[in-house]
Amino acid sequence: MTSRAGEPFALDRALRDVDGLLAADVPAHGPTTSEDDPVRGEWSVTRGEGFVLVPLWESVSLVGVYAPEWNTAEETAHAHLAALAGALDRRWGAHRPVGMRVPLFRRIAGEPMPPFFEALCAQDLLGDLAVWGPPQAGPGRGDRWLAVSVNQSDGDAPFVLAAAVTDHPIVELEDG
């Protein structure tokens, strides 16, 4: 669960959150840390060397939900991602897909990977990424890359739409 549980999806809010993420500082050094919302106790942000990762929206819990309602929930989650990606495509041009298959298999095998992908896996954000970059950063800011994705950690868990900003290119990991 995330700090966004129970909030309806709002494209304008998601775009403001992305803009805020792009304008915020990205840690240059340090370990990867995750923070929970102090009131709800649910995940609200992960920061690591060169990246920040946040939830933008979370669906309702799907415990005990089956088709066709489950299918509708999945379609809704992917429609939210498509709406956000479409708005960002209009801003910065077409996104580039970055697959999460290799990080998933590395996680299962216990193999090391870059901290950014470790953080995605630690939050069960295993959906393929839609990546832009570098979009225009604010004055005095270095280049930034943005990624958004939607995923569900298991069939009963809610869908989570998340965004990440990095200070380095987001490149698909290679097998091996």
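Student: How many cavities of 30 Å³ or more does the structure hold?

Tutor: This structure holds one. The model is predicted, so local features need pLDDT of at least 70 and side-chain atom pairs pLDDT 80 or more, while totals for chains, interfaces and linings use all residues. Residues count from 1 along each chain as its sequence is written, and side-chain values use heavy atoms, without hydrogens and water.

Student: What makes the space a cavity?

Tutor: On a 1 Å grid over the protein atoms alone, a 1.4 Å probe fits at its points but cannot get out. About 40 Å³ of space lies in the largest cavity, a volume filled by probe spheres set on the points, which are joined across faces, edges and corners.

Student: Why is Ser 149 called a lining residue?

Tutor: Lining residues have an atom within 4 Å of a point, and Ser 149 is listed in the lining of the largest cavity, with Leu 53 and Ala 162 also among the residues there; therefore Ser 149 meets that cut-off.

Student: Which strands each supply at least two residues of that lining?

Tutor: Strand E6 (145-152) and strand E7 (159-166) do; strands are DSSP runs of at least two residues, helices of at least four, numbered from the N terminus.

Student: What makes Leu 84 part of a nonpolar core?

Tutor: Such a core joins buried (under 20% relative accessible area, 1.4 Å probe) Ala, Val, Leu, Ile, Met, Phe, Trp, Tyr and Cys through side-chain atoms within 4.5 Å. Leu 84 belongs to the largest core, of 30 residues, so Leu 84 is buried and joined in this way.

Note on methods: On a 1 Å grid over the protein atoms alone, a cavity is a set of points where a 1.4 Å probe fits but cannot get out, and a pocket is an open set with protein on both sides within 12 Å along at least five of seven lines; lining residues have an atom within 4 Å of a point. Buried means under 20% relative accessible area, exposed over 50%, partly exposed in between (1.4 Å probe, protein chains only).
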